[in-house]
Amino acid sequence: MAALDGKTAIVTGASSGIGAATAQALAREGATVIGGARRPDLIAAPVAGRVLDVTDPASCERFVAGAAANGLDILVNAAGLALGRDSFDQSTEDDEQTVLETNVNGLIRMTRLCLPHLRDGGHIVNMGSIAGRQAYPNGALYVTSKFAVRGFTYALREDLLGRPIRITTVDPGLVETDFSRVRFRGDEETARKVYEGVEAMTPGDIAECVLFAVTRPPHVNVDELVVKALAQSSGARIIRT
Ligand code: NAP
């Protein structure tokens, strides 16, 4: 019997990178997984892909009503992005709204909507970042958003105390995904350089962390997992060959 047989999981941001790998990993362990993203056509079977824009309350409500109708055991909030790698002087109203709406409000909204459906033994996993633990230059908005994810995770841990629902933040360092392509607004060359001369982690490495957290015995809550590429000690410090 697989570890997650009979469990139902929702994974946001399941069309790419960490969310996609996590959704597949949960499915391999026997869970029925419903993945959400704005590009659901990129979500591969056996994960059921459904349209979800976490910045749009109506989209979130529709998604949760369909995906959690028969109860829910695991919510993985992986949808997220950064925009730009510039000094805060260059920040714009639009970028601030997009990053904070996606990474913070979207994650909070999905958690609030899913909570009433979570069965006893349920688990919420938030995708944080080492950016939510230590600031680095020219990433103010992203850093702010991930500090908020960390704050929200620990605040909710307090409110859930005494209930049989677990909560974890997984805080990765450098993972090679489409993240940098999005951050640099499609500039492939700049995105490629982020992973040049360093063995970054893979989305599968992070999926393993999520799997570890959700397969502990019910009395064990993994509060946080911090994982970095071996050649990285912080958001600002990476040794490249
Ligand atoms: P990615 O490959 O670009 O994946 C991002 C995912 O988020 C995509 O599936 C995207 O789907 C989804 N998404 C973005 N906006 C959305 C919205 N409004 N509604 C629904 N889904 C949305 O990047 P990734 O590296 O896997 O990032 C996943 C998470 O890991 C993020 O929270 C990121 O902050 C975090 N993280 C990444 C790294 C890293 O080095 N890569 C390190 C630490 C933490 P659609 O575009 O189809 O909507």
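**Figure 1. The largest pocket of the predicted model**. The largest pocket holds about 1,100 Å³ of space. Its lining comprises 48 residues, and G80, L81, Y142, T177 and F179 are the closest to the pocket centre. Two or more lining residues come from each of α1, β2 (32–37), α3 (93–114), α4 and α5 (179–183). Among these elements, α5 gives the most, with five residues. By class, the lining of the largest pocket divides into 22 nonpolar, 17 polar and nine charged residues.

**Figure 2. The ligand in the largest pocket**. The ligand sits in the largest pocket, and two elements, α1 (17–28) and α4 (140–160), give two or more residues to the shell around the ligand. This shell has 29 residues, of which S16, R38, R39, Y142 and T177 are the closest. The shell includes 13 nonpolar, 11 polar and five charged residues.

**Figure 3. Polar atoms beside oxygen atoms of the ligand**. A polar side-chain atom of R39 lies 2.8 Å from an oxygen atom of the ligand. Backbone N or O atoms also take part: one of V175 lies 2.9 Å from a ligand oxygen atom, and one of D178 lies 3.3 Å from a ligand oxygen atom. Of the 870 Å² of accessible area that the ligand has on its own, the protein covers 95%.

**Figure 4. The second largest pocket**. About 360 Å³ of space lies in the second largest pocket. Of its 25 lining residues, G121, G122, R166, P217 and P218 lie nearest the centre. The elements β4 (72–77), β5 (118–127), α4 and β6 (165–172) each give two or more residues to this lining. The lining of the second largest pocket consists of 12 nonpolar, seven polar and six charged residues.

Technical notes
Residues numbered from 1 in each chain as written. Predicted model: local features only at pLDDT ≥ 70, side-chain atom pairs only at ≥ 80, totals over all residues. Heavy atoms only, no water. Near = heavy atom within 4 Å. Polar contact = N/O pair within 3.5 Å; in protein donor to acceptor, adjacent residues only side chain to side chain. Areas by Shrake-Rupley, 256 points an atom, 1.4 Å probe, with all protein chains shown as cover. 1 Å grid on protein atoms, 1.4 Å probe; cavity = no way out; pocket = protein on both sides within 12 Å on 5 of 7 lines; lining within 4 Å. Sits in = over half its atoms within 2 Å of the grid points. Helix = DSSP H or I, 4+ residues; strand = E, 2+ residues; numbered from the N terminus. Nonpolar A, V, L, I, M, F, W, Y, C, P; charged D, E, K, R; others polar. Points joined across faces, edges and corners; volume = space filled by probe spheres on them.
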